[in-house]
Amino acid sequence: FKGGDTCEYLLSSGRFLGEKVWQPHSCMMHKYKNSEAKNCLIDKHVVFIGDSRIRQLFYSFIKLINPQVKEEGIKHGNIPFEDKSASIKVDFLWYPEVNGSMRQRIKSWTEGSVAKPHIIVVGAATWSIKIHNGSNEALAQYKINITSIAPLLEKLAISSDVYWVLQDPVYEDMLSESRKMITNEKIDAYNEAAVRILNSSSRNSKAKVKVFSVSKLIAQETIMKSADGLHLPESSRDTNAMILMNVYCNKIMKPIDGSCCQPQPPLTLIQKIAFCFFTLSIIGYLIISLIHRNKYRKNKSCTDLESGEEKKPAISTPNVSTLEMLLQCFCKLGLIMTYFYLCDRANLFMKENKFYSHSSFFIPIVYILVLGVFYTENTKETKVLNREQTDEWKGWMQLVILIYHISGASTFLPVYMHIRVLVAAYLFQTGYGHFSYFWIKGDFGVYRVCQVLFRLNFLVVVLCIVMDRPYQFYYFVPLVTVWFMIIYATLAVWPQIVQKKANGNCLWHFGLLLKLICLLTCIYFLSYSQGAFEKIFSFWPLSKCFELNGNVYEWWFRWKLDRYVVFHGMLFAFVYLALQKRQMISEGKGDPLFSNRVSNVLLFISIVSFLTYSIWASSCKNKTECNELHPSVSVVQILAFILIRNIPGYVRSVYSSFFAWFGKISLELFICQYHIWLAADTKGILVLIPGYPMFNVLVSTFIFVCVAHEISQITNDLAQIVVPKDNSTLLKRLLCIAGFFSGLHFFSAMQDQSRH
């Protein structure tokens with residue numbers, strides 16, 4: 001760990017991921033769009049001073065502002081550029097040598113009331129080598145000239161950003177005869193002189209001229225593709241321009257995926273309160289533990305010296321109290337949240353951009369599938385979608401989604417579409433599981449609702465507080481929470497139709513189907529009426545939960561993307577339970593689900609349907625087109641998978657305990673990955689061990705999985721305490737929770753007011 005100055009890393013070090021993606025050491029680069037570049041540079045004046053290489057950088061820079069610009073200026077002359085809509089001025093000044101003329105121009109900005117440029121980019125040397133035929137006298141003069149210019153640049157650096165661009169290496173074999181004297185040895189000598197003089201003359205750290213040396217590293221990898229051996233290929237100079245934009249703009253625009261040059265965000269009021277709460281919990285737990293330990297020592301059995309027998313204590317060791325368990329949970333949670341904060345809010349650990357390659361996605365997929373098959377065991381029951389099977393399903397889906405996220409596979413459309421089906425399958429299980437519970441048990445009590453809501457939302461609420469993120473940011477939890485409430489409302493509203501009641505009169509089945517049709521109609525209406533949907537979720541307090549960046553569009557998009565799949569899950573549960581009740585399916589161990597003939601036909605149709613969907617997903621042209629059809633067709637592959645998994649008796653009778661273990665903590669894995677496996681709110685990758693990518697993934701994955709498992713245990717323990725079965729106690733707890741959220745809203749309002 002060399003400190004938190006990621007600007008130094010951005011300007012001086014990095015490596016290529018693939019051919020064109022530049023990865024700075026320790027931090028993430030944001031890819032600026034034209035609109036973002038304009039917003040950052042509004043009312044700014046930028047000046048590039050130097051030779052033809054600096055002119056190249058100038059053109060790449062202004063193309064970030066206006067991509068329509070063509071390189072048509074005078075080659076050996078000044079080139080102005082202005083964007084009147086944003087009042088941005090960018091000038092290229094032709095000074096191919098570090099000499100008196102360049103010094104005079106720089107000096108003019110330091111005198112009197114002349115407006116100074118906000119950004120100054122300087123660099124030159126190859127012309128001095130060429131004109132003077134690489135003589136030592138020219139190098140000596142270069143040193144003298146830089147020595148005279150350095151104090152002026154430092155004076156400008158007090159109020160402006162000043163960058164000295166080191167000379168890129170050349171590809172000597174391609175140089176023309178007139179440039180043969182420009183050798184890499186000479187360039188290194190000029191660069192060494194510039195670095196030594198600029199660094200030694202700076203006495204004030206705030207007035208330091210930033211040395212732009214990363215261009216050298218980029219050129220070393222790409223100069224072979226140069227057209228003339230001297231000038232960089234376009235992709236390389238575009239990378240340099242993007243680095244320059246990140247150095248200046250990240251601290252202004254604060255992009256999530258641009259961690260380079262971003263200062264650590266200050267602690268909010270709510271974060272400070274959370275820190276105090278967790279600290280007090282840790283202290284309280286330690287005190288109670290010490291008291292109990294001392295009591296245990298006093299009451300500990302002792303040996304009778306005469307008989308050699310052990311005497312039993314008069315008082316037995318007391319059980320762990322509710323207060324102690326509560327404090328223990330918050331103590332562990334406090335330590336875990338500290339790790340979360342250090343990983344993704346403090347500038348302590350490094351972050352890197354994602355880079356997709358087919359091998360980085362498919363090799364881990366094959367590896368975990370082999371592991372999953374290796375841990376095959378018999379199920380306790382052989383029903384369709386039994387508990388072990390659904391845990392297994394959640395587990396392997398979650399592992400695939402994790403690999404998808406860390407490998408950046410969203411850029412590959414066929415993989416993206418299949419992952420969308422996996423997310424839909426989670427929601428399908430939500431519809432299937434909750435419908436089955438309410439239909440069979442008929443339990444619509446407050447206790448059940450509170451238990452589910454607590455288990456779903458506890459971790460996300462804590463992360464919203466600790467990581468200073470809105471609830472909608474963790475979009476999947478709001479999604480399953482809202483769908484749970486919709487399922488509950490659909491079945492709990494009068495008339496309450498459950499299996500016990502429907503068995504007495506078949507007409508109740510039609511009543512339930514009527515409810516499901518009403519639900520489908522509402523879903524259809526809201527999916528095609530964005531205005532109505534936004535009005536519903538724009539009312540306070542729903543707006544506080546579902547707004548992201550000041551509107552609910554993101555929430556509408558996420559809800560709409562899988563709008564029918566929960567309904568499909570409910571309908572499948574209804575049909576399956578009806579068939580099961582009438583004994584129309586065989587769920588014995590080793591027995592096929594239907595008769596051999598029907599089973600074979602359904603199995604064939606399922607395999608064809610599964611493959612057909614995959615072929616369609618692989619042939620999609622763009623995400624917009626695919627996302628439009630996805631809500632209607634995703635259920636095809638889900639149902640096909642369920643039938644393939646359950647029709648053969650043997651396949652239904654076994655499960656993978658490896659996948660099932662991960663399935664039990666799938667929700668925690670999905671949420672925790674945001675900050676302690678990925679980084680920058682999922683935009684990058686957390687780097688605990690730099691320089692060893694595979695070893696880093698192993699270590700960070702081990703910690704990540706352990707933390708997710710521990711949080712799952714903490715959530716289960718707290719659910720028993722916070723949501724008791726006794727109704728009067730539960731009511732008191734609910735009042736306390738309402739008070740907690742009221743206080744949270746009050747402090748959030750104070751926070752927002754102080755920010756504005």
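Guide: Buried means under 20% relative accessible area, exposed means over 50%, and partly exposed lies in between. The model discussed here is predicted.

Visitor: Is Asp344 buried or exposed?
Guide: The cut-off for a buried residue is a relative accessible area under 20%. Asp344 has a relative accessibility of 4%, so it counts as buried.

Visitor: With which residue does the side chain of Asp344 meet in a salt bridge?
Guide: The N to O distance of this pair is 3.6 Å, and a salt bridge requires a nitrogen within 4 Å of a carboxyl oxygen. The partner has a relative accessible area of 9% and is therefore buried. It is Arg345.

Visitor: Which residues are joined with Glu71 into one network?
Guide: The network arises from salt bridges that share partners. Besides Glu71, its members are Lys63, Glu234 and Arg237.

Visitor: How many residues apart are Glu71 and Arg237?
Guide: These two form a salt bridge, with the closest N and O atoms 2.4 Å apart. Glu71 sits in the loop between helix H3 (52–65) and strand S4 (79–83), while Arg237 belongs to helix H9 (residues 234–253). The pair thus links distant parts of the chain, and the separation is 166 residues.

Visitor: Which of the two, Glu71 or Arg237, is buried?
Guide: Glu71 has a relative accessible area of 40%, so it is partly exposed. Arg237 has 7%, and the limit for buried is under 20%. The buried residue is Arg237.

Visitor: How far apart are the closest N and O atoms of Lys107 and Glu111?
Guide: Lys107 is partly exposed at 26% relative accessible area, and Glu111 is partly exposed at 40%. The two form a salt bridge, for which the limit is 4 Å. The closest N and O atoms are separated by 3.8 Å.

Visitor: How many salt bridges does the count come to?
Guide: The rule asks for a side-chain nitrogen of Lys or Arg within 4 Å of a carboxyl oxygen of Asp or Glu. By this rule the count is 17.

Visitor: Which residues form a negative surface patch with Asp173?
Guide: Asp173 lies in the loop between strand S7 (161–165) and helix H7 (184–201). Its relative accessible area is 65%, so Asp173 is exposed. The other members of the patch are Glu172, Glu185 and Asp188.

Visitor: Which residue of S13 is the bridge partner of Asn353?
Guide: Strand S9 (residues 350–353) points Met350 and Glu352 one way and Lys351 and Asn353 the other, with all of them buried. S9 pairs with strand S13 (residues 684–687) in the antiparallel sense over four bridges. In S13, Asn353 is matched by Gly684.

Visitor: Which residue in the turn between S1 and S2 has a positive phi?
Guide: Strands S1 (residues 14–17) and S2 (residues 21–24) run antiparallel and are joined by four bridges; among them, Leu17 is partnered by Val21. The two strands make a hairpin with three residues between them. The residue with the positive phi, about 75°, is Gly18.

Visitor: How far apart in space are Lys383 and Asp257, C-alpha to C-alpha?
Guide: Lys383 lies in the loop between strand S10 (376–378) and helix H13 (387–407). Its relative accessibility is 41%, so Lys383 counts as partly exposed. Lys383 and Asp257 are 126 residues apart in sequence, and their C-alpha separation in space is 46 Å.

Conventions
Residues numbered from 1 in each chain as written. Predicted model: local features only at pLDDT ≥ 70, side-chain atom pairs only at ≥ 80, totals over all residues. Heavy atoms only, no water. Patch = residues over 30% accessible without salt bridge, like charges linked within 9 Å, V, L, I, M, F, W, Y side chains within 5 Å. Areas by Shrake-Rupley, 256 points an atom, 1.4 Å probe, with all protein chains shown as cover. Lys, Arg positive; Asp, Glu negative; His and termini not counted. Charge placed at Lys NZ, Arg CZ, Asp CG, Glu CD. Buried < 20%, exposed > 50% of the residue type's maximum accessible area, 1.4 Å probe, protein only. Pairing = 2+ DSSP bridges.
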